[in-house]
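Let's walk together through the places where protein and DNA come together in this model. Keep the sequence and the 3D view side by side as you read.

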There are 2 protein chains.
Amino acid sequence: MDQPMREIPAAARHAIGELARRTGVKATTIRWYEQEGLLPPPARSEGGHRLYSDDHLRRLGFIRHARELGFAMPAIRTLLGLAGRPREDCTTAHALAKAQIAEIDSRLRRLEALRTELAGMAAACEGGPAQDCRILETLADFEHGHCQHHEHETG
Amino acid sequence: MDQPMREIPAAARHAIGELARRTGVKATTIRWYEQEGLLPPPARSEGGHRLYSDDHLRRLGFIRHARELGFAMPAIRTLLGLAGRPREDCTTAHALAKAQIAEIDSRLRRLEALRTELAGMAAACEGGPAQDCRILETLADFEHGHCQHHEHETG
DNA sequence: CTTGAACCTCCAGCCACTGGAGGTCCCATA
DNA sequence: TATGGGACCTCCAGTGGCTGGAGGTTCAAG
């Protein structure tokens with residue numbers, strides 16, 4: 001009997017392109033994460049190519065997932081740190097998640113308001129020359145809503 | 001009788017700070033708009049301070065309003081151009097507004113999905129040590145959703 | 001005339017990457 | 001073993017839409 005069990009998976013070596021393919025994070029971005037200290041520097045081949053372990057793969061997946069959920073980099077750093085200290089209480093993670101939800105809620109409200117206003121503008125416009133266009137008119141009404149919504153989001 | 005009518009309002013001169021106060025756009029941003037060609041260079045005082053006309057004020061209001069609605073700079077340039085050619089058909093404005101609505105709709109859908117996932121994570125976590133934290137667990141599940149949502153928005 | 005707020009220019013920095021230039025390495029096939 | 005071409009390397013500049021600071025000048029009120 002051969003003994004394939006001795007090959008522990010965590011030691012597998014993956015090129016950057018493979019990591020990119022498997023996580024959906026571009027190779028350039030992976031290198032940038034390394035530079036920023038989010039991902040530890042991997043081993044290198046003799047020629048200098050990066051060789052990643054399964055730990056790298058997992059960590060990168062964690063980062064990607066957190067990014068997709070809209071967590072900012074500082075929050076991700078915190079979460080990564082916490083994930084690496086399993087005995088610590090997870091209150092921080094909880095707080096970060098709640099803050100993220102609150103952030104998303106505020107964006108949702110803002111976007112819904114924008115949507116309503118845009119839809120109103122678009123519906124009011126009946127075509128024809130620009131001088132009669134309700135869209136342009138509404139935009140030009142610069143006094144409008146000046147004090148109502150100065151929470152800025154840009155979209 | 002004096003003749004105050006001769007003082008046409010469009011010729012009034014406003015300092016950059018006044019423009020900033022009245023439009024809610026910071027002075028630095030106003031200067032930057034000028035640099036980017038969104039706002040024409042205003043007159044200057046002898047000492048070099050910018051002196052804006054009411055036309056500037058209106059144009060800046062237009063820009064601010066469009067920005068608040070989430071239009072990107074290129075779209076704003078187009079809208080400004082259109083607003084300056086009143087005889088032209090406003091189809092372009094209509095199309096831009098519709099595109100903006102579509103963009104907002106897509107962001108809304110994405111944010112709603114994120115909200116759902118985050119809320120689920122937060123609800124599943126019952127506190128305790130990080131090693132049992134469902135939030136961290138979910139984040140670490142890097143295979144998760146890899147193929148479902150690769151429209152990226154980052155929140 | 002003095003004060004100090006407002007203004008000026010220039011330039012660097014923010015976030016989270018992205019892309020290009022110019023070169024090197026790896027490995028599958030002939 | 002040679003070769004071709006794709007994957008990889010580093011370095012650096014650019015993206016959008018501003019923002020802030022340094023260091024100096026001007027303006028208007030008192």
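The surface near DNA strand C is made of six nonpolar, seven polar and five charged residues. Here Ala, Val, Leu, Ile, Met, Phe, Trp, Tyr, Cys and Pro count as nonpolar, Asp, Glu, Lys and Arg as charged, and the others, Gly among them, as polar. A residue is near a strand if one of its heavy atoms lies within 4 Å of it.

Before you zoom in, a word on the model: it is predicted, local features need pLDDT of at least 70, side-chain atom pairs count only at pLDDT 80 or more, and totals for chains, interfaces and linings use all residues. Residues are numbered from 1 along each chain as its sequence is written, chains are lettered from A and ligands numbered from 1 in the order in which they are written, and side-chain values use heavy atoms, with hydrogens and water left out.

Now look at who approaches DNA strand C. There are 18 residues around this strand, and A:T29, A:R67, B:G17, B:R31 and B:R50 come nearest. Of the strand C atoms within 4 Å of the protein, 92% belong to sugar and phosphate.

Some polar contacts (pairs of N or O atoms within 3.5 Å; within protein, one must be able to donate a hydrogen and the other to accept it, and residues adjacent in sequence count only if both atoms are side-chain atoms) are worth finding on screen. A:T29 places a polar side-chain atom 2.7 Å from a phosphate oxygen of DNA strand C. B:G17 uses a backbone N or O atom instead, at 2.8 Å from a phosphate oxygen of strand C, while a side-chain N or O atom of B:R44 is 3.1 Å from one. Two elements give two or more residues to this surface: α2 (27-35) of chain A and α1 (16-23) of chain B. Helices are DSSP runs (H or I, at least four residues), numbered from the N terminus. The top contributor is α2(A), with three residues.

Which residues come nearest to DNA strand D? Of the 18 around it, they are A:R31, A:R50, B:T29, B:S45 and B:R67. Sugar and phosphate make up 92% of the strand D atoms within 4 Å of the protein.

In chain A, backbone N or O atoms lie 2.9 Å from a phosphate oxygen of strand D at A:G17 and 2.8 Å from one at A:R50. A:R44 brings a polar side-chain atom to 3.1 Å from a phosphate oxygen of DNA strand D. The elements giving two or more residues here are α1 (16-23) of chain A and α2 (27-35) of chain B, and α2(B) gives the most, with three residues.
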